[in-house]
Amino acid sequence: MLFPTTIAGSLPKPEWLAEPNKLWAPWKSSGDELVNAKRDATLLAVKLQEDAGVDIVTEGEQARQHFVHGFLENIEGIDFAHKVEMGIRKDRYKAMVPQVVAPLRLKGRVHAFEARTARAHTAHKLKFTLPGPMTIIDTISDSYYGDRVKMAFAFAELLNHEAKALQADGVDVVQFDEPAFNVYMDEVKDWGIKALERAAEGLTCATAVHICYGYGIKANTDWKQTLGGEWRQYEDIFPAISASPIQQVAIECRNSKVPLELLGLLDGKVIQAGVIDVASDVVETAEDVARVIGDVMQFVPKQNIVATTNCGMAPMHRDIAQAKLMALGAGAKLARKQFG
């Protein structure tokens, strides 16, 4: 099928699970009640995607407070009790983050609960997202390793262990989220790609990397206003990604100033093309979605295009996110009629 659909990863959490429209939102319950609420929210997220015509579903990241910290919570050597303020993405915004204080080790499985819950309740292909090594070390304070690269590869080892277990759980696509890749371009080429490859080493399911200019939060939208008329940062890193064994690249295309001709630097890769703008509450039409797919087709073979969202929807209003999901499914269906 042409133009299968997916989402970047996250969906808004129901009001009964966590405070809405907020990153790092506190949970509304605890203990067994929270476990049950996370399960119910996961099933709801899968159902909403299926109803909207999303072909490759995710669990919506409903069991994670944050896409990075949700992975960190099951790792020894991290102190969550004494968080420190840290600038993230070269000080684009500040956040209170945990500290690495000892050698990193997995306590056990990290995401088995939500992956198995989703897998048991959908016949669709299932994608699962993990934070990439570079993005992790840009979202946690180091009080032990004293070396960014060494710490990144320590996390890559743990990511690889969990990714292989997710594959065994029946996950069809493992996606590593690396928004830090458009901030530290030199480091991406020096060691970031190598750390990503280590995280994906040995996987036989599909592998993807999601690179983006961030959620539709004010810190990100303000920053994007400083980037000029064309966002060409990816020109520096796409050749290195193209040479890697990572099979898919997720990139924002809707209302983005990324020149689409840069996608030609990712020769042979499957492109998860963002056709839904998560930084705007304006709901796309099916025609909007099909139009962006057509634009991407100028630089990517149509059989290599997956239609997706520009980034995660976690901070969005639920009704808007759901309407955008419907537009995604309808737009891909229209594109198949137009370009199939």
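Biologist: How many bridges join E2 to strand E3?
Modeller: This is a predicted model: local features need pLDDT of at least 70, side-chain atom pairs count only at pLDDT 80 or more, and totals for chains, interfaces and linings use all residues. Residues are numbered from 1 along each chain as its sequence is written, and side-chain values use heavy atoms, leaving out hydrogens and water. Two strands pair if DSSP finds at least two bridges between them. E2 and E3 (residues 93-106) run antiparallel, and the bridges joining them number 9.

Biologist: Which residue in E3 does Glu85 stand opposite?
Modeller: Strand E2 spans 75-88, so that's where to look for Glu85. Facing Glu85 in E3 is Met96.

Biologist: Which strands stand at the edges of that sheet?
Modeller: Strands (E, at least two residues) and helices (H or I, at least four) are DSSP runs, numbered from the N terminus. The sheet is open, has 3 strands with mixed pairing, and follows the order E2-E3-E5. Each edge strand has a single partner, so one side of it is left without a neighbour in the sheet. Those strands are E2 and E5 (141-142).

Biologist: What about E10: how many of its 5 residues are buried?
Modeller: Buried means under 20% relative accessible area, exposed over 50%, partly exposed in between (1.4 Å probe, protein chains only). On one side of E10 (residues 305-309), Ile305, Ala307 and Thr309 are buried, and on the other Val306 and Thr308 are too. The strand is largely enclosed by the rest of the structure, because the buried count is 5 of the 5.

Biologist: Which residue of E10 is the bridge partner of Gly274?
Modeller: Strand E9 (residues 270-276) runs parallel to E10, and 5 bridges join the two. For Gly274, the partner in E10 is Thr308.

Biologist: Which helix gives the most to the largest nonpolar core?
Modeller: A nonpolar core is a set of buried Ala, Val, Leu, Ile, Met, Phe, Trp, Tyr and Cys residues joined through side-chain atoms within 4.5 Å. The largest has 93 residues, and Leu104, Phe155, Phe176, Phe238, Ile241 and Leu263 have the most contacts inside it. With 9 residues from the stretch 148-168, the top helix is H5.

Biologist: And how many residues are in the second, separate core?
Modeller: Look for Ala25, Leu34, Ala37 and Ala41, which are among its members. The size of this second core is 6 residues.

Biologist: What share of the 340 residues counts as buried?
Modeller: The chain comes to 10 helices and 10 strands. Its C-alpha atoms fill a box of roughly 55 × 45 × 40 Å along the principal axes. Over the 340 residues of the chain, the buried share is 59%.
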